[in-house]
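Here is a short tour to read with the model open beside you. Keep the viewer handy as you go from heading to heading.

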Amino acid sequence: MLRSFLLIDGFQPETSSSPSPAESGLPSGPSGLEATAATKLQDLGFRVETASSFHEVQFLAGKADAVLLSVAPQQVEPWRQKITSVRSLPLLWWCDRRTFPSYECKLPPGIDGLLGPGMSALEIHCALLLGFNQYGQRTEWQREREQLLSRLEERKWIDQAKRILCEIKCISEAEAYEFLRKQAMNERKRMSDVATSIIKVYQLLQQDGNQGSRKR
């Protein structure tokens with residue numbers, strides 16, 4: 001259940017030479033964007049913790065159910081990588097005239113949804129629902145991709161081990177595969193683990209043989 005947000009404020013406090021919030025048209029607060037985003041979410045009953053550094057993110061990420069990025073477009077991807085390195089969370093982007101300054105801006109990859117200052121309570125709830133659905137799909141795709149890459153890597157080790165067995169034992173590929181399968185069953189290991197062990201032993205033997213040849 002979504003209860004709390006980690007709000008990333010990517011903007012520095014205004015300097016004394018900058019226009020006041022009233023002059024600029026931005027909401028008042030320690031950061032105009034932070035105040036607007038936090039107020040919107042808090043009015044809907046969400047708990048909001050604000051961070052502006054990676055150290056704060058490391059400390060606060062464990063308490064959050066989602067992340068809202070109040071940052072410029074070029075900062076989205078760096079922050080996404082930092083947050084992902086700490087914890088997998090739904091990522092939403094707060095869009096107003098500072099974070100999304102023109103129609104030429106593009107939605108960065110890895111963002112699950114958008115929120116903005118002009119959205120009603122119903123629109124925010126709908127956006128959050130769609131964002132969480134997008135997050136679920138995105139993480140499922142990532143999981144499937146990682147599994148596929150893992151299987152491809154395992155297949156590579158098994159094929160290499162089969163070639164070594166064919167060379168050493170003078171057997172066919174089918175016989176080499178059956179040898180790996182039975183060995184994995186006997187040792188209660190995965191075939192890829194048995195294959196990796198065979199390859200490492202073979203490489204060590206090759207190195208020893210090469211060193212022996214140099215000495216002679």
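## R188, just past a helix

In this predicted model, R188 has a relative accessibility of 80%, and because exposed means over 50%, R188 counts as exposed. You will find R188 in the loop between α6 and α7 (191-215). R188 follows α6, and its phi is positive, about 55°, although R188 is not a glycine. Most residues other than glycine have a negative phi.

## C170, on the other end of the loop story

C170 also deserves a look: its phi is near 55°, again a positive value in a residue other than glycine. C170 sits in the loop between α5 (121-169) and α6. With a relative accessibility of 68%, C170 counts as exposed.

## Helix α6

Helix α6 covers residues 173-187, 15 residues in total. At 1.5 Å a residue, α6 should span 21 Å, and its end C-alpha atoms are indeed 21 Å apart, so expectation and model agree.

Which residues of α6 are buried? They are A176, L180 and A184. Looking down the axis of α6, these buried residues fall within an arc of 75°, so they line one face of the helix. On the other side of α6, the exposed residues are A174, M185 and N186.

## The largest nonpolar core

Now turn to the largest nonpolar core, which has 18 residues. Those with the most contacts inside this core are L6, I8, V57, V67 and L69.

Several elements build this core: β1, α3 (54-60), β3 (66-70), α4 (73-86) and β4 (91-94) each supply at least two of its residues. Which element gives the most to this core? That is α4, with three residues.

## One cavity

How many cavities of 30 Å³ or more does the structure hold? There is one, and the space in the largest cavity is about 40 Å³. The lining of the largest cavity is made up of S4, F5, L6, R47, E49, L60, K63 and A64. Two elements, β1 (4-9) and β2 (47-51), give two or more residues to this lining, and β1 has the largest share, three residues.

As for chemistry, the lining of the largest cavity has four nonpolar residues, one polar and three charged. L6 is a link between two parts of this tour: L6 is among the lining residues of the largest cavity, and L6 is also one of the residues with the most contacts inside the largest nonpolar core.

Conventions
Residues numbered from 1 in each chain as written. Predicted model: local features only at pLDDT ≥ 70, side-chain atom pairs only at ≥ 80, totals over all residues. Heavy atoms only, no water. 1 Å grid on protein atoms, 1.4 Å probe; cavity = no way out; pocket = protein on both sides within 12 Å on 5 of 7 lines; lining within 4 Å. Points joined across faces, edges and corners; volume = space filled by probe spheres on them. Helix = DSSP H or I, 4+ residues; strand = E, 2+ residues; numbered from the N terminus. Nonpolar A, V, L, I, M, F, W, Y, C, P; charged D, E, K, R; others polar. Expected span 1.5 Å × (residues − 1). Buried < 20%, exposed > 50% of the residue type's maximum accessible area, 1.4 Å probe, protein only. Arc of directions from axis to C-beta. Core = buried A, V, L, I, M, F, W, Y, C linked by side-chain atoms within 4.5 Å.
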